[in-house]
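Reader: I'm new to reading structures and I'd love a close look at one helix in this one. Could you walk me through what sits inside, what it packs against, and what's going on around it?

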Amino acid sequence: MEINKIKLVEKAIDAQSKAICPYSNYPVGAALLTKNKDIIIGFNIESKAYPTTLCAERVAIFSALSQGYDNFIAMAVATVDGGTPCGSCRQIIVEFAGDIPILVADSKQNYFETNSLELLPKPFA
Ligand code: THU
């Protein structure tokens, strides 16, 4: 299926602008594309009890799953510096989305493409 990568990256950047990250000041946005071309977004949400913070990627996947979506074909992630998903998010991406393309964008809206299994080659399955 044709994936509109620019649109997905733009959605992740838009989500990034909504991040709740008063402690780190490191906003992250994620946009998850479903097989039916719906886009579910997520952003990092930080708590006063910092370890309970949730990353943008997991917010997007858990939000999508809780809304009944279960077939994901791509994800875009937007960070300031092109930072890639953390280990916990890599596990959740592989586990619930499989080996999908991951587009990682920076604040200049440049992005590079990787995929779930390149980020986490030997996931716990
Ligand atoms: N963060 C994400 O949202 N995704 C990642 O994959 C790595 C880190 C968030 C968590 C925290 O709110 C901030 O970035 C700094 O670690």
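Author: Let's start with the residues of α2 that are tucked away: Ala 56, Glu 57, Arg 58, Val 59, Ala 60, Ile 61 and Ala 64 are buried. Notice that the charged residues Glu 57 and Arg 58 are on that list too. Keep in mind that this is a predicted model, and that the helix runs over residues 56-66.

So what do those buried residues touch? They pack against the strands β1, β2 and β3 (72-78), and also against the helix α3 (87-97).

Now look just past the end of the helix. Gly 68 comes just after α2, and its phi is positive, about 100°. You'll find a positive phi elsewhere on a residue that isn't a glycine: Asn 25 has one of about 50°. Asn 25 sits in the loop between α1 and β1, and with a relative accessible area of 59% it is exposed.

Next, the pocket. α2 gives the most to the lining of the largest pocket, namely three residues. The lining has 18 residues in total, and Tyr 26, Val 28, Asn 44, Cys 55 and Cys 86 are the ones nearest the pocket's centre. Sorted by class, you get nine nonpolar, six polar and three charged residues. The volume of this pocket comes to about 250 Å³.

The loop leading into α2 has something to show as well. The structure holds one aromatic pair. Its partners are Tyr 23 and Tyr 50, set edge-to-face, with 6.5 Å from centre to centre and 90° between the planes. Tyr 50 is in the loop between β2 (39-43) and α2, while Tyr 23 is in the loop between α1 (5-16) and β1 (29-34), so the pair ties together parts that are 27 residues apart in sequence. Both rings belong to partly exposed residues: Tyr 23 has 46% relative accessibility, and Tyr 50 has a relative accessible area of 42%.

One last stop, at the hairpin. Strands β4 (residues 101-105) and β5 (residues 111-115) run antiparallel and are joined by five bridges; one of these pairs Ala 105 with Tyr 111. Five residues lie between the two strands, and Gln 109 in that turn has a positive phi of about 70°. Like Asn 25, Gln 109 is not a glycine, but Gln 109 is partly exposed, with a relative accessible area of 48%.

Key:
Residues are numbered from 1 along each chain as its sequence is written. This is a predicted model: local features need pLDDT of at least 70, side-chain atom pairs count only at pLDDT 80 or more; totals for chains, interfaces and linings use all residues. Side-chain values use heavy atoms; hydrogens and water are left out. Two strands pair if DSSP finds at least two bridges between them. Helices (H or I, at least four residues) and strands (E, at least two) are DSSP runs, numbered from the N terminus. On a 1 Å grid over the protein atoms alone, a cavity is a set of points where a 1.4 Å probe fits but cannot get out, and a pocket is an open set with protein on both sides within 12 Å along at least five of seven lines; lining residues have an atom within 4 Å of a point. Grid points are joined across faces, edges and corners, and a volume is the space filled by probe spheres set on the points. Rings of Phe, Tyr and Trp (its six-membered ring) pair if their centres lie within 6.5 Å; planes under 30 degrees apart count as stacked, over 60 as edge-to-face and the rest as tilted. Buried means under 20% relative accessible area, exposed over 50%, partly exposed in between (1.4 Å probe, protein chains only). Contact means heavy atoms within 4.5 Å.
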